[in-house]
Amino acid sequence: WTTFDNAKQLVKAHIATPSDFWVFCGYAGWGPGQLMGELDRKSWYMVATDSQTLLKELARQSSGAEPRNAGLHTWHQLMGMIGKGDTADQHTGNFDDLMLKEWALENLLSPAAGGGGGMMRKPTKPEEKEELDLERPQSIDELLGRVLSSTRPSAELAEGSLVRAKNNIRSPFLLTDQELHKAVLLIVREDENLLVGAMLNRPSAKGIDIQIKDKHTGRTQVEKIPVRYGGQFSIQGRDSLIWLHNNESMKFARIGSEIGTNRSGIWRCTADDVSTAIGRGLARPEDFMAVSGVVVWAKDGSTPTINSPVKFDNFEEVHETRLAKVWGSMMVQEVLSKENMKSSVRLANDAWKEASLNMPGWGRRKSQEGSSEENSAEDTFVYKSDTEVSDLGDTALGKWLGTFLLGWPNFDA
């Protein structure tokens with residue numbers, strides 16, 4: 001290897017030509033023994049040839065290569081050269097290839113060419129921030145009280161707002177944070193520093209047993225409700241779960257409390273409130289949601305926020321008239337299992353669809369300025385495939401749910 005200055009000197013001295021050089025941005029590294037372990041698992045194949053021959057072949061094939069193809073054609077050719085052509089054919093066009101193409105579109109293609117230009121972005125200098133101490137037992141109010149100095153709501157959203165991920169053709173959560181794709185969230189805390197939300201339509205494989213005593217027979221029965229995955233930040237301590245309800249009888253009896261401005265109509269309660277309401281016959285276990293974890297966004301522009309016009313505008317508020325249908329779709333969901341995985345995803349997506357007033361299609365959207373934009377086939381489909389980008393987003397969500405909530409990475413959405 002050499003430096004850019006040395007390369008220029010070699011070209012100036014006619015010792016080399018520009019085509020003799022390869023320019024790399026970043027590198028891959030392995031710890032001791034890591035690469036050998038990956039070779040043993042067949043994650044890599046050894047290429048039995050000298051480096052000069054290989055580099056010349058790579059240079060020949062990559063000349064004029066399309067970045068959106070992510071080097072897959074070159075990989076396929078090299079697999080054929082080492083007698084692995086049949087293996088390459090079996091895996092061509094699968095989920096991994098499609099995701100790689102979308103990654104290439106976001107990171108290797110310049111904005112001028114319709115890409116994200118990710119490799120061209122200058123890294124921002126990280127600012128010192130107070131970290132959330134999730135190890136010490138604390139309630140969510142204690143956790144956020146240290147960094148939230150006021151309860152002043154934003155101009156667009158406030159505590160108690162119900163929001164949903166926007167209906168974009170190319171999901172902003174395709175490559176990262178796939179769990180937020182088609183998610184419905186409740187804003188449980190908001191101020192000028194942070195915005196905190198909890199996903200509601202992501203039931204996990206864990207459940208809570210709630211005992212019910214029959215007033216007539218005196219018998220006790222147990223009903224199970226799902227613990228819903230609310231986000232990556234877990235809260236330790238007695239108040240580790242966020243309990244929610246939308247029961248009018250309980251609201252009338254003032255069991256629980258409104259959340260912020262109560263724009264969604266959803267109330268927050270405690271585990272004791274649940275026992276009280278069920279004991280008084282005001283509610284049943286299926287009237288409650290138990291949510292574990294929250295999503296936290298910084299509002300200083302360093303990370304995507306729901307309101308941020310700079311990086312993302314990925315969420316929209318759910319109108320209060322849609323709450324009954326959205327809540328109804330989510331409350332049918334059960335504790336996640338392999339048997340109900342597909343139906344659970346369908347119900348989650350139903351809730352997300354119900355959250356829209358007009359339920360627009362993927363193929364046509366209104367821009368922020370109000371003009372409608374037609375999306376070309378090139379935008380609608382993954383590069384050189386018959387897979388729609390919107391369908392790939394659904395598949396990626398299913399893979400995430402299967403892997404992280406069920407331990408089933410091979411789930412086929």
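Which residue in E5 does Ile212 stand opposite? The answer, Gln221, belongs to the second of the close-up views described below.

This is a predicted model, in which local features need pLDDT of at least 70 and side-chain atom pairs count only at pLDDT 80 or more, while totals for chains, interfaces and linings use all residues. Residues are numbered from 1 along each chain as its sequence is written, and side-chain values use heavy atoms, with hydrogens and water left out.

**View 1. The chain as a whole has 13 helices and 13 strands.** Helices (H or I, at least four residues) and strands (E, at least two) are DSSP runs, numbered from the N terminus. Of the 413 residues in the chain, 40% are buried, where buried means under 20% relative accessible area, exposed means over 50%, and partly exposed lies in between (1.4 Å probe, protein chains only). Among contacts (heavy atoms within 4.5 Å) between residues at least 6 apart in sequence, 67% join residues at least 24 apart.

**View 2. Six strands form an open sheet of mixed pairing, in the order E4-E5-E9-E6-E8-E7.** Two strands are taken as paired if DSSP finds at least two bridges between them. The edge strands, each pairing on one side only, are E4 and strand E7 (257-258). Strand E4 (residues 203-213) and strand E5 (residues 220-229) are joined by eight bridges in the antiparallel sense, and it is here that Ile212 stands opposite Gln221 in E5. Six residues lie between the strands in this hairpin of E4 and E5, where Gly218 takes a positive phi near 80 degrees. On the pairing of E5 with strand E9 (residues 288-292), the sense is parallel and there are three bridges; Tyr229 stands opposite Ser292 in E9. Strand E6 (residues 241-245), by contrast, pairs with E9 in the antiparallel sense over five bridges. Helix H9 (residues 271-279) lies across E4, E6, strand E8 (267-269) and E9, and runs at about 45 degrees to E4, with axes fitted to C-alpha atoms, for helices over the stretch in contact, and angles running from 0 to 180 degrees between N-to-C directions.

**View 3. A second view of strand pairing shows five strands in an open antiparallel sheet, ordered E10-E3-E2-E1-E11.** Strand E10 (295-298) and strand E11 (315-317) are the edge strands, each of which pairs on one side only. Neighbouring strands of this sheet are turned by 35 degrees against each other on average, direction ignored. Within the sheet, strand E2 (residues 184-190) is joined to the antiparallel strand E3 (residues 194-199) by five bridges, and the bridge partner of Arg189 in E3 is Val196.

**View 4. Leu244 is a member of the largest nonpolar core and has Met289 as its bridge partner in E9.** A nonpolar core is a set of buried Ala, Val, Leu, Ile, Met, Phe, Trp, Tyr and Cys residues joined through side-chain atoms within 4.5 Å. Of the 50 residues in this core, Leu162, Leu185, Leu200 and Leu244 touch the most other members. Leaving aside neighbours within four places in sequence, the contacts of Leu244 include Leu186, Ile259, Phe288 and Trp327. A second, separate core of 15 residues includes Ile210, Trp243, Cys269 and Ala277. Trp327, placed in helix H10 (residues 323-331), is buried, with a relative accessible area of 9%. Not counting residues up to four places away in sequence, Trp327 touches residues including His245, Asn246 and Asp287; Trp327 and His245 are 82 residues apart in sequence and 9.5 Å apart in space, C-alpha to C-alpha.

**View 5. Aromatic pairs, of which a search of the whole structure finds six, are shown with their ring geometry.** Rings of Phe, Tyr and Trp (its six-membered ring) pair if their centres lie within 6.5 Å, and planes under 30 degrees apart count as stacked, over 60 as edge-to-face and the rest as tilted. The rings of Trp22 and Phe24 are stacked, because their centres are 6.1 Å apart and their planes at 15 degrees. Trp22 is partly exposed at 38% relative accessibility, whereas Phe24 is exposed, with a relative accessible area of 65%. Trp30 and Trp44 form an edge-to-face pair, 5.9 Å centre to centre with 75 degrees between the planes. Elsewhere, Tyr229, Trp400 and Phe404 form one aromatic cluster.
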